[in-house]
Structures are given as C-alpha cells and as structure tokens.
Amino acid sequence: MTTTAAPATAPFRFFDVHVVRSRRLGPAMLRVTFGGERLDELASGGRDQRFKLFLPQPHQDRPVFDDLGEGWYTAWRAQDPAERAVMRSYTIREQRPDSGEFDVDFALHGAEPGASPTLSTPFAQGSAPLTAGGPASRWAAAARPGDRLTVLAPAVEDNGGVDFRPPAGTDWILITGDETALPAIAGILSWLSPGTQAKVFIEIGHEDDRQPLPTFADAEVSWLVRGPATAAHHEPVLDALRTAALPAGTPYAWVAGESGTVKAVRRHLVRERGFDRRAVKFTGYWRRGASEEDLLAELTAGAAAAEQD
Ligand SMILES: Cc1cc2nc3c(=O)[nH]c(=O)nc-3n(C[C@H](O)[C@H](O)[C@H](O)COP(=O)(O)OP(=O)(O)OC[C@H]3O[C@@H](n4cnc5c(N)ncnc54)[C@H](O)[C@@H]3O)c2cc1C
C-alpha cells in the first residue's frame, strides 16, 4: 500500500480561472471544468486535494479582492461582506495539466425533501433548483462557459491540502462520505495501490448519483441512498457501518461529509470498533443549518478566545 507523511508546508497560490464547460453527472452532481492562463503552475496532490473557490457576488462578473498578496485573508475579512468574494472549500476532482484544465464536482443542494425542484434538465425530477441551496451550489447550477472566478490552489504536489495519508503499517482502508465527499473518494480510490483492501460507504440522495469509481484497489463500495421520508433522521452511513463486518488487521479511516454524521461515525469507530483515534482522519465538509461563513466565524471566534486564555 502507498503511504505518505504530511508535508511541513502548504504552498498555495491564487489563480484566475474561467468555466470551460459544465456537465450534469446525476440529479444532484454537476461537473464544472475550469481553464486559465497559468494553470500549468497548479499542482494537485490528488486524493482529497482541497482548495478554496472565490465566487463573485450575484451583481458582479468576477470576484472582487482588495489584496491578493500575503495579507489577503486580513484584507478579505475587512471587506464589505456584500462586495467581497464568497469563499468556499472544494476538492480538485481531476487535473489535466496537458490541457490546462481541472474538474470540480459540485453537489447541488436545496432539493432535499420539502423543496420544490424547478430545473428542466434530463435530471429535473428531484434535481436541485437554481434558487435553493447556498451561493456555491447556485453558482454551479447556473455556470456558463466564460464565467470567471478565482481559486486559491496548491503550487506544489506535496502540499498541506491533502489529508488522506495512511501511515506505514496500515492493512486496510475504511472510507465514508456523502455527495460532497464523492469527488475526494473518487480521487482517493484512483490513487490507491493495486490490491489495497478498502471498504467504502457513500451516502447519496438519488440512485442516479452513483458514478463509476475506477481503482486498482480491492475496494468494496456500498452506495447508500437516502429515503425521502426519513432523510431528516435516518443516518445511512452509520446504520450500514453498525452492521458491517470489517476486515481484520490495522485500519486507517477517512471520514467526511455532514459534520454531525462525521462525528457519529468517528465515535462509532473509536469507541465501538476499537480504531486508534490517530488512524481516523475525519473532516466535517458542511454542517446542517450553517453556511461556510458561519463555520468560519465560529473558528475565528474560537481562535480569538483561545488566544485570550
Ligand atoms: C475540504 C472540503 C472539501 C469539499 N469538497 C467538496 C466538493 O468537492 N464538492 C462539493 O459539492 N462540496 C464540497 N465540500 C462541501 C462544500 O464546501 C459545502 O457543501 C458548502 O457549504 C457549499 O457551499 P454553498 O455556498 O452551496 O452553501 P452554504 O452557503 O455554505 O450553506 C447554505 C446552507 O446549505 C446547507 N448545505 C451546505 N452544503 C449542503 C449539502 N451538501 N447538502 C445539504 N445542505 C447543505 C448548509 O447547512 C446551509 O444551511 C467540501 C468541503 C470541505 C471542507
């Protein structure tokens, strides 16, 4: 099995990009392909490579920044929230350096039970409507070739934006996630060495959001479709894990998706399955009822409180 240690640095750089094309992958998944002049300098580490997307406000044709230098974050925070670029976290699904393109797969949310779908696409029934969801989901649903945005993305392959790093001595891999983690899961599976044993649980809203996940690994993938009636309370990943027979040997787990589910899965693995907590990499990709701004504000307040202690 391939293993890697985390690098000490996280060299990220701003790139201006534009939409080349977009394509529906399923009722709730949309692939946007980006191009740009300096994209030969972008270097994805593959797997769950995270990066930041900066979207224009609805009344702008490109994201507006006061400073793209070292002090960008302070300048960005000081900007008027109605004017500054909307920052969101996403995964580089695939980079094609030869054609200067990369893909991002967006989970379109807002069509959960209770919302009324309005899109007229081949996936219109149960698809995410253009008006619901958050700014990123809405932007992606409406993206057209030529639309401009800015990304903060890695300039070297071995960067701090890759979390999937099974240590030496790992015997098998456990992966769980929802639609938002599907791009990362696809990237991880395509990276695993031949013969690596992997158990994968993926929660999706629609049967048709399943997609091929090419891998050399010996991977068993379970697609868990949320039921419309029980979507609010049912936890398909946790339910499936509770009854799953897991392989023997030393595991490494990668857990992502909705924060509450991620916490519950981690608790189950550590307390009930005896996983070493250091061998469970867990990341809340979103939290029910909170936008990414809300989560960032919480983190900032937490860091400020810690500094005062
Ligand atoms: C490291 C990392 C990598 C990520 N990679 C991807 C990726 O490749 N593809 C992807 O689609 N997402 C990915 N996400 C998740 C994505 O950043 C969030 O879903 C984000 O909140 C979407 O922004 P938004 O503007 O659409 O919604 P926000 O404005 O942030 O949220 C608005 C409302 O929508 C809710 N919401 C947010 N996401 C969902 C959802 N998926 N389903 C239901 N309700 C939701 C929020 O709880 C909130 O109530 C990633 C997150 C992280 C941290």
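Which residue in β7 is the bridge partner of K52? The bridge partner of K52 in β7 is L152, and the strands around this pair are described below, after the ligand site.

## Basis of the model

The model is predicted: local features require pLDDT of at least 70, side-chain atom pairs count only at pLDDT 80 or more, and totals for chains, interfaces and linings use all residues. Residues are numbered from 1 along each chain as its sequence is written, and side-chain values use heavy atoms, with hydrogens and water left out.

## The ligand shell

The ligand is surrounded by 24 residues, of which R88, S89, A107, H109 and R287 come nearest; a residue is near a molecule if one of its heavy atoms lies within 4 Å of it. By class, the shell comprises nine nonpolar, eight polar and seven charged residues. Here Ala, Val, Leu, Ile, Met, Phe, Trp, Tyr, Cys and Pro count as nonpolar, Asp, Glu, Lys and Arg as charged, and the others, Gly among them, as polar.

Domain 1 (12-154) and domain 2 (172-286) each contribute at least three residues to the shell, the domain bounds being taken from an automatic or database domain assignment. At least two shell residues come from each of β4 (86-91), β6 (101-107), α2 (135-142) and β12 (280-286). The element that gives the most is β4, with four residues. Helices (H or I, at least four residues) and strands (E, at least two) are DSSP runs, numbered from the N terminus.

## Polar contacts and burial of the ligand

Oxygen atoms of the ligand lie close to N or O atoms of the protein, a polar contact being a pair of N or O atoms within 3.5 Å. In the side chain of R88, an N or O atom is 2.7 Å from a ligand oxygen. A backbone N or O atom of A107 also lies 2.7 Å from an oxygen atom of the ligand. For R287, a polar backbone atom is 2.6 Å from a ligand oxygen. Taken alone, the ligand exposes 930 Å², and the protein buries 89% of that area; accessible areas come from the Shrake-Rupley method with a 1.4 Å probe.

## Strand β4 and its neighbours

Five of the six residues of β4 are buried, so this strand is largely enclosed by the rest of the structure. Buried means under 20% relative accessible area, exposed over 50%, and partly exposed in between (1.4 Å probe, protein chains only).

Strand β3 (residues 50-55) runs antiparallel to β4 and is joined to it by six bridges; two strands pair if DSSP finds at least two bridges between them. R50 stands opposite T91, and L55 has V86 as its bridge partner. β3 is also joined by three bridges to the antiparallel strand β7 (residues 148-154), where K52 meets L152.

In the loop between α1 (72-78) and β4 lies R84, which is buried with a relative accessible area of 14%. The C-alpha atoms of R84 and Q57 are separated by 7.4 Å, although the two residues are 27 residues apart along the chain.

## Strand β6 and its neighbours

In β6, seven of its seven residues are buried. E101, D103, D105 and A107 lie on one face, with F102, V104 and F106 on the other, and both faces are covered.

Seven bridges connect β6 to the antiparallel strand β2 (residues 29-35), with T33 partnered by D103. Strand β5 (residues 94-96) is likewise antiparallel to β6 and joined to it by three bridges; Q95 pairs with F102. The hairpin of β5 and β6 has four residues between the strands, and G100 takes a positive phi near 65 degrees.

How values were computed:
Polar contact = N/O pair within 3.5 Å; in protein donor to acceptor, adjacent residues only side chain to side chain.
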